[in-house]
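Dear colleague,

Please find below the structure I wished to pass on to you. A short account of what was found in it follows.

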Amino acid sequence: MACINADGSLTPIAKKVLTALQSPGTAIEISERSGVPLYRVRSSFRELTQLGAMQVANETYQISDYGRQLLAS
C-alpha cells in the first residue's frame with residue numbers, strides 16, 4: 001500500500017490526509033487542508049478506507065479510531 005511504509009508506519013502523505021480528516025470534510029476540503037493534490041487524496045482515501053483508518057458517509061470523510069491510533073504511533 002502506498003499509504004503504509006514497509007515497516008508498517010504511515011507515509012508522509014497518509015499522515016497529512018489523516019491529520020486533515022480529524023475534522024470531517026469532502027475530498028476537496030481535505031485536499032485543501034492537507035496541501036495534498038486531489039488525485040492523491042482520492043487514492044489515499046481508497047487505501048485508508050480498506051485499512052480501516054477512515055470512514056465515509058454521504059461523501060463526507062472522517063478519521064476512524066484506528067486512524068487516530070495510527071497517527072499517534
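**Contacts and overall form**

Of the contacts in the protein between residues at least 6 apart in sequence, 42% join residues at least 24 apart. Please bear in mind that this is a predicted model.

The secondary structure of the protein consists of four helices and two strands. Read from the N terminus, the order of the elements is α-α-α-β-β-α. The radius of gyration is 11 Å, close to the 11 Å that the globule rule gives for 73 residues, so the protein is as compact as a globular protein of that length. Its C-alpha atoms fill a box of roughly 30 × 25 × 20 Å along the principal axes.

As to the surface, buried residues account for 37% of the 73 residues. The accessible surface comes to about 4,300 Å², and 50% of that area belongs to carbon and sulfur atoms. The protein has 7 positive and 6 negative charges, and the mean positions of the two groups are 4 Å apart.

The two strands deserve a separate word. Strand S1 (residues 54-57) and S2 run antiparallel and are joined by four bridges. Within this pairing, Gln-55 stands opposite Gln-62 in S2. The hairpin that S1 and S2 form has two residues between the strands, and Asn-58 takes a positive phi near 55° there.

Which side chains of strand S2 (residues 60-63) are buried? Tyr-61 and Ile-63, which point to one face, are buried. Thr-60 and Gln-62 point to the other face and are not buried.

With kind regards

Definitions and conventions: Residues numbered from 1 in each chain as written. Predicted model: local features only at pLDDT ≥ 70, side-chain atom pairs only at ≥ 80, totals over all residues. Heavy atoms only, no water. Buried < 20%, exposed > 50% of the residue type's maximum accessible area, 1.4 Å probe, protein only. Pairing = 2+ DSSP bridges. Rg over C-alpha atoms; globule rule 2.2 N^0.38 Å. Contact = heavy atoms within 4.5 Å. Areas by Shrake-Rupley, 256 points an atom, 1.4 Å probe, with all protein chains shown as cover. Lys, Arg positive; Asp, Glu negative; His and termini not counted. Charge placed at Lys NZ, Arg CZ, Asp CG, Glu CD.
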